[in-house]
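Please open the model in a viewer and keep the selection panel at hand. The tour proceeds by selections, each followed by a description of what is found there.

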Amino acid sequence: RQRTSREAPSDYLSRLGCASGQSSELSLGIAGHVEEDGHTMYEISCALRPAEQAFSATVWTCTRRLCHLREGLHDTLKEALGEAYATHFGETPFARHGGLPGTTARLGAWLGVLARCFSTGVLPVESC
């Protein structure tokens with residue numbers, strides 16, 4: 001169920017049973033982290049449960065460095081949401097630079113808010 005680079009996010013989500021206007025549930029969390037070549041790699045657990053019962057949940061994990069999550073996810077999302085970003089993420093800031101103690105917990109909390117924003121329709125599909 002891989003998304004092609006030219007496929008619109010809404011089309012891909014429809015193929016997974018997540019039609020526009022239906023409430024699908026996204027779960028995101030941190031399964032752990034490992035040190036790899038001097039970098040901390042965060043393992044992110046993901047599950048997308050479509051509202052349509054004919055489809056099963058899609059579950060996957062991915063491993064990313066914090067800088068990649070910041071640039072490719074956080075910064076893009078913050079720009080897409082504009083002023084609304086502070087409304088949803090103001091109490092749950094993204095993880096700080098430098099891998100300070102508490103980074104995994106902050107990242108996990110932020111991903112939880114992101115999942116809630118998607119599941120409640122706050123996050124525009126176009127920003128996926």
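Begin by selecting residues 39–49, which form strand β2, together with β3; in this predicted model the two strands pair in the antiparallel sense over eight bridges. Within this pairing, select leucine 48 and look across to β3, where threonine 58 stands opposite. Next, select glutamate 43, which faces threonine 63 in β3.

Keep β2 and β3 displayed and add residues 66–81. This is helix α2, which packs on the sheet and touches both β2 and β3. The direction of helix α2 makes about 110° with that of β3. Now add residues 103–119, helix α4, which also packs on the sheet, here touching β1 and β2. Between the directions of helix α4 and β1 the angle is about 155°.

Turn now to the other pairing of β2. Select β1 and β2: these strands pair in the antiparallel sense over eleven bridges. Which residue of β2 is the bridge partner of glycine 32? Selecting glycine 32 and following the pairing into β2 leads to glutamate 43. Glutamate 43 has already appeared on this tour, opposite threonine 63 in β3.

With both pairings on screen, view the sheet as a whole. Three strands make up an open sheet, ordered β1-β2-β3, with antiparallel pairing. The edge strands are β1, residues 25–36, and β3, residues 58–65, each of which pairs on one side only. From one strand to the next, the twist averages 20°. As a general point, the strands of a sheet pair through backbone hydrogen bonds, in either a parallel or an antiparallel arrangement.

The next stop is the connection between β1 and β2. These strands form a hairpin with two residues between them. Select aspartate 37, which lies in this loop. Its phi is near 55°, a positive value in a residue other than glycine. For context, most residues other than glycine have a negative phi. Is aspartate 37 buried or exposed? Its relative accessibility is 72%, and because the threshold for exposed is over 50%, aspartate 37 counts as exposed.

Move on to the loop between α3, residues 84–89, and α4, and select threonine 92 there. Threonine 92 has a relative accessible area of 16%; the limit for buried is under 20%, so threonine 92 is buried. Which residues does threonine 92 touch, leaving aside those up to four places away in sequence? Display Ala109, Trp110 and Val113, which are the contacts of threonine 92 on that basis. To check one of these pairs, draw a distance between the C-alpha atoms of threonine 92 and valine 113: the separation is 7.6 Å, although the two residues are 21 residues apart along the chain.

Finally, select the entire chain. It contains four helices and three strands, and from the N terminus on the elements run α-β-β-β-α-α-α. Of the 128 residues in the chain, 33% are buried. Among contacts with a separation of 6 or more, 51% are between residues 24 or more positions apart. If a surface is displayed, the accessible surface of the chain comes to about 7800 Å², of which 50% belongs to carbon and sulfur atoms.

Technical notes. Residues are numbered from 1 along each chain as its sequence is written. This is a predicted model: local features need pLDDT of at least 70, side-chain atom pairs count only at pLDDT 80 or more; totals for chains, interfaces and linings use all residues. Side-chain values use heavy atoms; hydrogens and water are left out. Buried means under 20% relative accessible area, exposed over 50%, partly exposed in between (1.4 Å probe, protein chains only). Contact means heavy atoms within 4.5 Å. Accessible areas come from the Shrake-Rupley method with a 1.4 Å probe; for residues, only the protein chains shown count as cover. Two strands pair if DSSP finds at least two bridges between them. Axes are lines fitted to C-alpha atoms, for helices over the stretch in contact, and angles run from 0 to 180 degrees between N-to-C directions.
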